[in-house]
Amino acid sequence: MGPFSLLFNLLWIVFGGFWMAVGWAVAGVIMAITIIGLPWARAAFTIAAYTLLPFGQRAVSRDAYFGQEDIGTGPLGLLGNVIWFVLAGWWLALGHLVTALLLAVTIVGIPFAWAHLKLAGLALWPIGKVIVPA
């Protein structure tokens, strides 16, 4: 992680990143407790870590990154994303959107608002994604 990524990540934690990472972790714990939600729990914990330190990383489709489809990028991944959207995706995306709107009011908060908007999109459809260095 470069010095600018480190600086932006530290500021990010202060400007809403910590609380949204906690939201992702809570979603992961709830999914893990249900046993049926275990496939989604792993994705939630991975994205919680990404939400805590997003600068210097990005989320991309696994099939585009690795060059081949897998179980999470095919029809079962589509079904998994629909279930995720209904159970947890919409409220995590809503949290990112509200935080982005609050940050966008200030000039200093605009880069962080943009990052929250990217995470809101990821919150809606996380299955089949991988976090890679930017």
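This section describes the pockets, the nonpolar core and selected residue contacts of a predicted model.

The largest pocket encloses about 390 Å³ of space. Its lining is made up of 18 residues, and those nearest the pocket centre are Pro-39, Ala-43, Arg-62, Ile-127 and Gly-128. Two or more lining residues come from each of the elements α2 (38-52), α4 (75-104) and β2 (129-133). Of these, α2 gives the most to the lining, with six residues. In terms of residue class, the lining of the largest pocket comprises ten nonpolar, five polar and three charged residues.

The second largest pocket holds about 230 Å³ of space. It is lined by 14 residues, with Tyr-50, Pro-54, Gln-57, Ala-115 and Lys-118 closest to its centre. Strand β1 (57-61) and helix α5 (110-124) each contribute at least two residues to this lining. Helix α5 provides the largest share, six residues. The lining of the second largest pocket consists of ten nonpolar, two polar and two charged residues.

Arg-62, one of the residues nearest the centre of the largest pocket, also takes part in a salt bridge. Side chains of opposite charge can pair when their charged atoms come close. In the model, Arg-62 is paired with Asp-70, and the closest N and O atoms of the two residues are 2.8 Å apart. The count of salt bridges comes to one. Asp-70 is located in the loop between α3 (62-66) and α4. With a relative accessible area of 31%, Asp-70 falls between the limits of 20% for buried and 50% for exposed residues, and is therefore classed as partly exposed. Although Asp-70 and Gly-128 are 58 residues apart along the chain, their C-alpha atoms are separated by 8.2 Å. Gly-128, like Arg-62, is listed among the residues nearest the centre of the largest pocket.

Attention now turns to the interior. In soluble globular proteins, nonpolar side chains tend to be buried together. The largest nonpolar core of the model contains 27 residues, and the members that touch the most other members are Trp-12, Trp-24, Met-31, Trp-84 and Leu-92. At least two residues of this core are supplied by each of α1 (3-33), α2, α4 and α5. Beyond its neighbours up to four places away in sequence, Trp-84 touches three residues named above as core members, Trp-24, Met-31 and Leu-92. The contacts of Trp-84 also include Ala-27, Trp-40, Ala-44, Gly-89, Ala-123, Leu-124 and Pro-126.

A further set of contacts involves His-116 and Thr-99. His-116 belongs to helix α5, whereas Thr-99 is part of helix α4. His-116 has a relative accessibility of 0% and so counts as buried. Thr-99 is likewise buried, because its relative accessibility of 16% lies under the 20% limit. Leaving aside residues up to four places away in sequence, His-116 touches Thr-99, together with Trp-12, Phe-15, Gly-16, Gly-17, Met-20, His-96, Ala-100 and Leu-103. With neighbours within four places in sequence likewise set aside, Thr-99 is in contact with Phe-15, Gly-16, Met-20 and His-116. Phe-15, Gly-16 and Met-20 thus appear among the contacts of both His-116 and Thr-99. Trp-12, one of the residues that touch the most other members of the largest nonpolar core, is among the contacts of His-116.

Key:
Residues numbered from 1 in each chain as written. Predicted model: local features only at pLDDT ≥ 70, side-chain atom pairs only at ≥ 80, totals over all residues. Heavy atoms only, no water. 1 Å grid on protein atoms, 1.4 Å probe; cavity = no way out; pocket = protein on both sides within 12 Å on 5 of 7 lines; lining within 4 Å. Points joined across faces, edges and corners; volume = space filled by probe spheres on them. Helix = DSSP H or I, 4+ residues; strand = E, 2+ residues; numbered from the N terminus. Nonpolar A, V, L, I, M, F, W, Y, C, P; charged D, E, K, R; others polar. Buried < 20%, exposed > 50% of the residue type's maximum accessible area, 1.4 Å probe, protein only. Contact = heavy atoms within 4.5 Å. Core = buried A, V, L, I, M, F, W, Y, C linked by side-chain atoms within 4.5 Å. Salt bridge = Lys/Arg side-chain N within 4 Å of Asp/Glu carboxyl O.
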